[in-house]
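Biologist: Please give me a close look at a single part of this protein. Pick one stretch that packs inside, then follow its contacts outwards.

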Amino acid sequence: MGVTFCPGAPADGPQEWGASIVCPAHPPQDQRYFADYDAAVAGLADHLRFCTDPYCGDPVAYGAFVVVHYSTDQEPSLEVSSVNARLLLRALGLAAELGADDVREPAPGGAPPPLPEEPNPLIGSLTAEQMLGRVELALALAPPDPGLPARDLNATNYDFGRVEGYLQDRLAHLREIALYAREHQRDVVWH
Ligand SMILES: [Zn+2]
């Protein structure tokens with residue numbers, strides 16, 4: 001399961017910019033652009049007049065389908081694994097470091113003490129200005145990321161590790177998102 005960092009939705013919601021038809025043809029042959037979803041669905045009926053791709057046409061196996069385009073489609077966003085999201089959030093001071101307090105000795109003869117209720121750090125939001133401040137601070141303070149070698153966890157699971165400089169690279173990407181969000185008066189959200 002991954003985590004996406006992106007600008008929050010616009011106050012009046014993403015604007016629909018029309019719809020088009022996607023199918024297996026590369027490059028796409030049916031270049032029609034429709035006003036909305038319903039018009040594009042109607043346009044599916046004569047898709048094969050505009051597309052002669054040999055793999056197109058079987059509506060079950062290789063069916064063409066409608067994609068609606070939104071004003072937010074091209075906005076910057078960053079998708080990372082939940083493991084790497086925690087790395088980023090720790091660098092940003094938005095998730096607690098694992099410290100001595102996290103090690104809990106079970107009470108002798110009793111049940112272990114309950115873990116304190118903590119909000120899930122993998123879901124949250126900040127104003128663009130706050131995020132920008134934290135990103136700049138993290139870029140200034142975080143030591144160069146040496147990366148992490150890939151390794152087998154067991155027979156079926158593989159940890160891809162991360163490349164050298166990963167943290168700084170993703171922080172720089174996050175800065176672009178925060179700058180975009182500030183420019184458009186939005187928050188930065190992650191989920
Ligand atoms: Zn087609």
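Modeller: Take helix H3, where four residues are buried: Ala 85, Leu 87, Leu 88 and Ala 91. Buried means 20 or more other C-beta atoms within 10 Å of a residue's own; 12 or fewer is exposed, and anything in between is partly exposed, with C-beta atoms placed from the backbone. These four sit on the same side of H3, because they cover an arc of only 155 degrees around the axis. That arc is taken from the directions that run from the helix axis to the C-beta atoms. The helix repeat is relevant here: an α-helix has 3.6 residues a turn, so residues three or four places apart point the same way.

A word on the model. It is predicted, so local features need pLDDT of at least 70 and side-chain atom pairs count only at pLDDT 80 or more, while totals for chains, interfaces and linings use all residues. Numbering starts from 1 along each chain, as its sequence is written.

Now the partners of H3. Its buried residues pack against S1, strand S4 (78-81), H4 and H5. Helices (H or I, at least four residues) and strands (E, at least two) are DSSP runs, numbered from the N terminus. Just after H3, Gly 93 has a positive phi of about 70 degrees.

H3 also feeds the largest nonpolar core. That core has 20 residues, and Ala 91, Val 135, Ala 178 and Val 188 touch the most other members. A nonpolar core here is a set of buried Ala, Val, Leu, Ile, Met, Phe, Trp, Tyr and Cys residues joined through C-beta atoms within 7 Å. At least two residues each come from strand S1 (2-7), helix H3 (82-91), helix H4 (128-141), helix H5 (166-183) and strand S8 (187-190). H5 gives the most, with six residues.

Look at Ala 178. Leaving out residues up to four places away in sequence, Ala 178 touches Ala 128, Met 131, Leu 132, Val 135 and Val 188. A contact needs C-beta atoms, placed from the backbone, within 7 Å of each other.

That leads to the H4 and H5 pair. Their axes are 9 Å apart and the packing angle is about 155 degrees. Axes are lines fitted to C-alpha atoms, for helices over the stretch in contact, and angles between N-to-C directions run from 0 to 180 degrees. The angle makes H4 roughly antiparallel to H5. The cut-offs are under 35 degrees for roughly parallel, over 145 for roughly antiparallel and 65 to 115 for roughly perpendicular, with the rest oblique. The crossing is left-handed. In a left-handed crossing the near helix is turned anticlockwise from the far one by less than a right angle; clockwise is right-handed. From H4, the contact includes Ala 128, Glu 129 and Met 131; from H5, it includes Gln 168, Leu 171 and Leu 174.

Leu 132 is a good residue to zoom in on. It lies in H4. Leu 132 is partly exposed, with 19 other C-beta atoms within 10 Å. Apart from residues up to four places away in sequence, Leu 132 touches Arg 175, Ala 178, Leu 179 and Arg 182. Leu 132 and Leu 92 are 40 residues apart in sequence, and their C-alpha atoms are 10.0 Å apart.

Past the end of H5, check Gln 185. It is found in the loop between H5 and S8. Its phi is near 50 degrees, a positive value in a residue other than glycine. Gln 185 is exposed, with 12 other C-beta atoms within 10 Å.

There is also a second, separate core of six residues, which includes Ile 21, Cys 23, Cys 56 and Ala 64. Ile 21 is in strand S2. It counts as buried, with 23 C-beta neighbours inside 10 Å. Beyond neighbours within four places in sequence, the contacts of Ile 21 include Ala 40, Leu 44, Ala 64 and Val 66. Val 22 lies in S2 (residues 16-22) too. Val 22 is partly exposed, with 14 other C-beta atoms within 10 Å.

Finally, the whole protein. It has five helices and eight strands. Of its 191 residues, 18% count as buried. Among contacts with a separation of 6 or more, 66% join residues 24 or more positions apart.

Notes:
Contact = placed C-beta atoms within 7 Å.
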